[in-house]
Amino acid sequence: VQLQASGGGLVQAGGSLRLSCAASGSIFSLNAMGWYRQAAGKQRDLVATITRGGSTNYVDSVKGRFTISIDSAKNTVYLQMNNPKPEDTAVYYCTAWIRITRASITDDYWGQGTQVTVSS
């Protein structure tokens, strides 16, 4: 299973940016996907998650500004970042909870990370 993230870059505070992450490979079922971020010198923290059915969860600091969505047919998750702030600067990682066979357990897989830099 591979997760390929894209869409990172430099954005001005108050602008917008959209991250995408596609899962591919041996996927029997995909239960949920999400985004985490890791700022320099800090631990990796949850940003948002979404289930296959569309139930979402956000960290408080991004509520009302970021929107996570999923295209289950494409095994792709998106993160629409509106009104980003300098404190949102981090490497953003996508993750997916996947079963690779009918008999396997659900495991989490990670993408390579994409840098998001928000200038003030």
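Reader: Let me start with one residue: is V11 buried or exposed?

Author: The general idea is to look at relative accessible area: under 20% is buried, over 50% is exposed, and anything in between is partly exposed (1.4 Å probe, protein chains only). V11 has a relative accessibility of 8%, so V11 counts as buried. Before we go on, a word on what you're looking at: this is a predicted model, where local features need pLDDT of at least 70, side-chain atom pairs count only at pLDDT 80 or more, and totals for chains, interfaces and linings use all residues. Residues are numbered from 1 along each chain as its sequence is written, and side-chain values use heavy atoms, with hydrogens and water left out.

Reader: Where is the place of V11, and which residues does V11 touch?

Author: Strands (E, at least two residues) and helices (H or I, at least four) are DSSP runs, numbered from the N terminus. V11 belongs to strand 2, which covers residues 9-12. For touching, we use contact, meaning heavy atoms within 4.5 Å. Setting aside residues up to four places away in sequence, V11 touches S16, L17, P84, T117, V118 and S119. For a sense of distance, take V11 and I70: they sit 59 residues apart in sequence, and their C-alpha atoms are 23 Å apart in space.

Reader: How many helices and strands does the secondary structure of the protein come to?

Author: Count the runs along the chain, and you get 0 helices and 11 strands. Read from the N terminus, the order is β-β-β-β-β-β-β-β-β-β-β. The radius of gyration, taken over C-alpha atoms, can be held against the globule rule, 2.2 Å times the number of residues to the power 0.38. Here the radius is 14 Å, close to the 14 Å that the rule gives for 120 residues, so the protein is as compact as a globular protein of that length. Along the principal axes, the C-alpha atoms fill a box of roughly 50 × 25 × 20 Å.

Reader: What share of the residues count as buried, and what share of the contacts is between residues 24 or more positions apart?

Author: Of the 120 residues, 38% count as buried. Among contacts with a separation of 6 or more, 55% come from residues 24 or more positions apart.

Reader: Which cysteines does a disulfide join?

Author: A disulfide is a covalent bond between the sulfur atoms of two cysteines. The working rule is a pair of cysteine sulfur atoms within 2.5 Å. By that rule there is 1 disulfide here. It joins C21 to C94, with an S to S distance of 2.0 Å. C21 lies in strand 3 (residues 16-24) and C94 in strand 9 (residues 90-99), so the pair ties together parts that are 73 residues apart in sequence. The torsion about the S-S bond of C21 and C94 is about 50°, so this disulfide is right-handed.

Reader: And C21 and C94, are they buried or exposed?

Author: C21 counts as buried, at 1% relative accessibility. C94 is buried as well, with a relative accessible area of 0%.

Reader: Which residues is N75 in contact with?

Author: One of them is C21, from the disulfide we just met; the list is C21, A22, A23, I27, L30 and M33, leaving aside neighbours within four places in sequence. N75 sits in the loop between strand 7 and strand 8 (76-82). N75 counts as buried, at 19% relative accessibility. Its backbone is worth a look too: phi of N75 is near 50°, a positive value in a residue other than glycine.

Reader: What about phi of N83?

Author: N83 has a positive phi of about 50°, although N83 is not a glycine. You'll find N83 in the loop between strand 8 and strand 9. At 41% relative accessibility, N83 counts as partly exposed.

Reader: How far apart are the C-alpha atoms of F66 and N83?

Author: They are separated by 8.2 Å, with their positions 17 residues apart along the chain. F66 lies in strand 7 (residues 66-71). At 3% relative accessibility, F66 counts as buried. Beyond residues up to four places away in sequence, F66 touches several others, including R37, V47, Y58, M81 and Y92.

Reader: Last one: how many positive and negative side chains does the protein have?

Author: Lys and Arg count as positive, Asp and Glu as negative, with His and the chain ends not counted. The protein has 11 positive and 7 negative side chains.

Key: The place of a charge is taken as NZ of Lys, CZ of Arg, CG of Asp or CD of Glu.
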